[in-house]
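Thanks for making time this morning. I would like to walk through the charged side-chain pairs of one protein, and then set them against the overall picture.

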Amino acid sequence: MNEIKNKNLFIRVSEKEKNLIERNADRCGLTVSEYLRQRALGYMPRAVLPEVFFSFSDKLDALCVVCEGKISADTEEKIIALIDEITAELILPQKERLVV
């Protein structure tokens, strides 16, 4: 998605709506434009997680390194799948189902 973004859209919102949109964008670590673009394209941006989450994630990764070769391949696959699932649920934006 490295397309040049040179087109504008203008919307009217109330002061309350504007504040809510700005607050939500800030929580996600996004500009208002990027936040609204993701929402309009069906994505649900995630709030930026606290630093403690990333510390916890690093510890899980370190645990996997320590366990490598000491546990069964099946168990290792399950641990990796769990970490991937946590990452997908908490970090990656998810596409919302469209209601028609």
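In which helix do K78 and D74 lie, and how many residues apart are they? Both of them lie in helix α4, which covers residues 73-90, and they are four residues apart, about one turn of the helix. Please keep in mind throughout that this is a predicted model, so everything I report is computed from predicted coordinates. The side chains of K78 and D74 meet in a salt bridge, with a nitrogen-to-oxygen distance of 3.3 Å. As for their surroundings, K78 counts as exposed because its relative accessibility is 55% and the cut-off is over 50%, whereas D74, at a relative accessible area of 43%, is partly exposed.

That pair is one of three salt bridges in the structure, so let me turn to the other two, going back towards the N terminus.

In helix α2, which spans residues 32-40, E34 and R37 sit three residues apart, again about one turn of the helix. Their side chains form a salt bridge at 3.0 Å, taken from N to O. How exposed are these two partners? E34 has 24% relative accessibility and so counts as partly exposed, with buried meaning under 20%, and R37 is likewise partly exposed, at 28%.

The remaining pair belongs to helix α1, residues 15-27, where K18 and E22 are placed four residues apart, about one turn of the helix. Here the N to O distance between the two side chains in the salt bridge is 2.8 Å. K18 is partly exposed with a relative accessible area of 37%, and E22 is partly exposed as well, with a value of 33%.

Let me now step back to the chain as a whole. The protein has four helices and two strands, and, read from the N terminus on, these elements run α-α-β-α-α-β. Of its 100 residues, 12% count as buried. The accessible surface of the protein comes to about 8700 Å², and carbon and sulfur atoms make up 58% of that area. Finally, if we consider the contacts in the protein with a separation of 6 or more, residues 24 or more positions apart account for 50% of them.

To return to the opening pair, K78 and D74 are joined by a salt bridge within helix α4, and I am happy to go back to any of the pairs in the discussion.

How values were computed. Residues numbered from 1 in each chain as written. Predicted model: local features only at pLDDT ≥ 70, side-chain atom pairs only at ≥ 80, totals over all residues. Heavy atoms only, no water. Salt bridge = Lys/Arg side-chain N within 4 Å of Asp/Glu carboxyl O. Buried < 20%, exposed > 50% of the residue type's maximum accessible area, 1.4 Å probe, protein only. Contact = heavy atoms within 4.5 Å. Areas by Shrake-Rupley, 256 points an atom, 1.4 Å probe, with all protein chains shown as cover.
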